[in-house]
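Visitor: I would like to know how the terms used for this model are justified. Can you take me through them?

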Amino acid sequence: MTVSLQAAVSACVFISLLVFASVVGFASALLWPITLSLSAGLLSAALVGLLSVQYCIGRQQRIIDCLTNGLRSFKDQDFSIQITHFDSIEMADLILEYNRLSTTLKKQRHATSQRELLLDTILQVSPVSILLLNQFDQVIYANDKAGKLLNNNKSLSGLVLHHAIANADPKLQTILLQKESGFVTFQANDEKQSYYFSRQSITLNHQPHVLLMCQNLSSEMSRQEVGLWKNAIRLISHELNNSLAPISSLTNSANTIVERSAKEQNHALIQLLPEMLSTINRRTENLSEFVAKYSEFARLPAPNITEQPLQPLLDTVSKLYDFTLLAPLPVESAFFDPIQVEQVLINLVKNAHESGSKIDEIGVKLLVDYQRLIVVVVDRGVGMEEEKLANAVLPFFSTKPSGTGIGLSICNEVAIAHGGQLKLFNRKKGGLMVQFDLPLVAPKA
């Protein structure tokens with residue numbers, strides 16, 4: 001039976017008074033002195049009242065202890081404790097809310113567990129290798145793909161990063177320990193391996209963490225390389241046929257003319273030979289220039305990077321192709337190979353002139369970003385389709401009908417050799433923006 005605390009206290013007082021009256025009456029019947037009778041009655045009533053109050057308080061304390069234990073279990077992620085029997089009206093609402101909270105947390109934990117299980121399943125079957133590191137470079141999470149990537153059959157959780165990667169390829173170890181994102185290619189087991197690494201700083205449980213993701217692009221790169229070589233072969237075959245077919249035809253015609261003129265003594269036919277030979281010479285020169293471009297791409301030397309002034313570089317390019325310098329030079333010099341970078345800038349400004357842009361809308365701007373000099377070339381030409389934009393720097397890929405697909409590839413190779421990369425963007429109001437970056441400090445040997 002549920003009894004309120006007020007009713008229980010009232011009952012305790014009533015029982016105490018009843019005991020007091022009973023003891024005094026009994027003592028009077030025994031002819032005890034009135035003082036002794038009252039003392040005995042008060043002592044008995046006080047004892048009974050104390051026991052009754054302790055009982056009431058103990059009943060409330062048991063409920064409080066149950067609530068305390070239940071709340072402590074929440075800290076241990078145990079939401080199974082429910083208070084099913086209680087006999088306190090004052091605690092009824094509190095106990096009811098506790099039970100509801102316990103049920104809600106239990107359901108939420110179950111739902112969270114299911115989501116975590118689903119997420120873990122997705123991460124385990126993901127083709128991307130994933131590592132989560134805490135602020136001390138310890139592995140907090142690693143999927144199966146990460147273990148295979150690092151050649152580690154044991155659990156990676158709890159290991160410091162340099163211990164976890166001890167069995168990995170040295171090239172992989174280097175890029176992981178450098179704490180940088182980037183693309184790496186190396187030979188392993190007589191096969192070319194290509195990986196892209198992404199390193200992101202995140203906050204988890206109010207603590208800094210690092211998320212490492214690695215994508216194996218070897219098969220994709222192989223398919224792209226095969227495609228590029230097919231394009232190269234088609235392009236070279238097309239160019240060779242365009243040159244060799246007329247050369248062969250003209251040579252046969254020249255032989256026929258020589259034979260006929262010798263037999264018929266017709267000197268008028270001989271007069272056709274200079275024009276034929278001139279045509280053959282032009283086609284030979286075109287073919288030689290075509291082959292030279294590919295040779296240049298294959299034999300691009302390592303850059304001789306030294307500190308060079310920027311103004312002479314811009315003056316040389318402007319004499320060949322006009323452009324507008326969009327802002328004053330932020331620095332006077334940078335570190336680069338003057339011959340290679342000059343050719344890159346000439347190619348980019350030349351492309352801007354061939355884009356259909358007005359000359360006064362072709363501009364060059366130099367910016368400083370930390371220890372790098374950003375060189376930007378912009379125009380208001382036709383721009384480039386997004387699909388072509390992504391492949392523009394690949395060798396043998398050209399957006400021009402008569403292009404060789406070598407120009408931007410060489411520019412990108414030069415940029416990479418200077419520690420940067422050639423980047424292309426379509427501008428919002430039309431046109432193209434091409435940029436590359438150069439070091440502002442001397443590169444380490």
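Guide: Start with pairing: two strands pair if DSSP finds at least two bridges between them. Keep in mind that this is a predicted model.

Visitor: How do you know that strand S10 and strand S12 pair?
Guide: Count the bridges. Strand S10 (residues 372-378) and strand S12 (residues 432-439) are joined by 7. Pairing needs at least two, so S10 and S12 count as paired. The two strands run antiparallel. One of the bridges links Arg 372 to Pro 439 in S12.

Visitor: What makes strand S7 and strand S11 edge strands?
Guide: Each pairs on one side only. The open sheet has 5 strands, in the order S7-S9-S10-S12-S11, with mixed pairing. S7 covers 324-325 and S11 covers 423-426.

Visitor: Which helix packs on the sheet, and which strands does that helix touch?
Guide: Helix H11 (residues 338-353) packs there, touching strand S9 (363-369), S10 and S12. Touching here means heavy atoms within 4.5 Å. The directions of H11 and S12 make about 170 degrees, on a scale from 0 to 180.

Visitor: Why is the space lined by Ser 129 and Phe 197 called a cavity?
Guide: A 1.4 Å probe fits there but cannot get out, so the term is cavity, whereas a pocket is open. This is the largest cavity, and its lining also includes Leu 131, Leu 149 and Met 213. The space in the largest cavity is about 70 Å³. The search of the whole structure finds 2 cavities of 30 Å³ or more.

Visitor: Which elements each supply at least two residues of that lining?
Guide: Strand S1 (128-133), helix H4 (144-149) and strand S5 (207-216).

Key. Residues numbered from 1 in each chain as written. Predicted model: local features only at pLDDT ≥ 70, side-chain atom pairs only at ≥ 80, totals over all residues. Heavy atoms only, no water. Helix = DSSP H or I, 4+ residues; strand = E, 2+ residues; numbered from the N terminus. 1 Å grid on protein atoms, 1.4 Å probe; cavity = no way out; pocket = protein on both sides within 12 Å on 5 of 7 lines; lining within 4 Å. Points joined across faces, edges and corners; volume = space filled by probe spheres on them.
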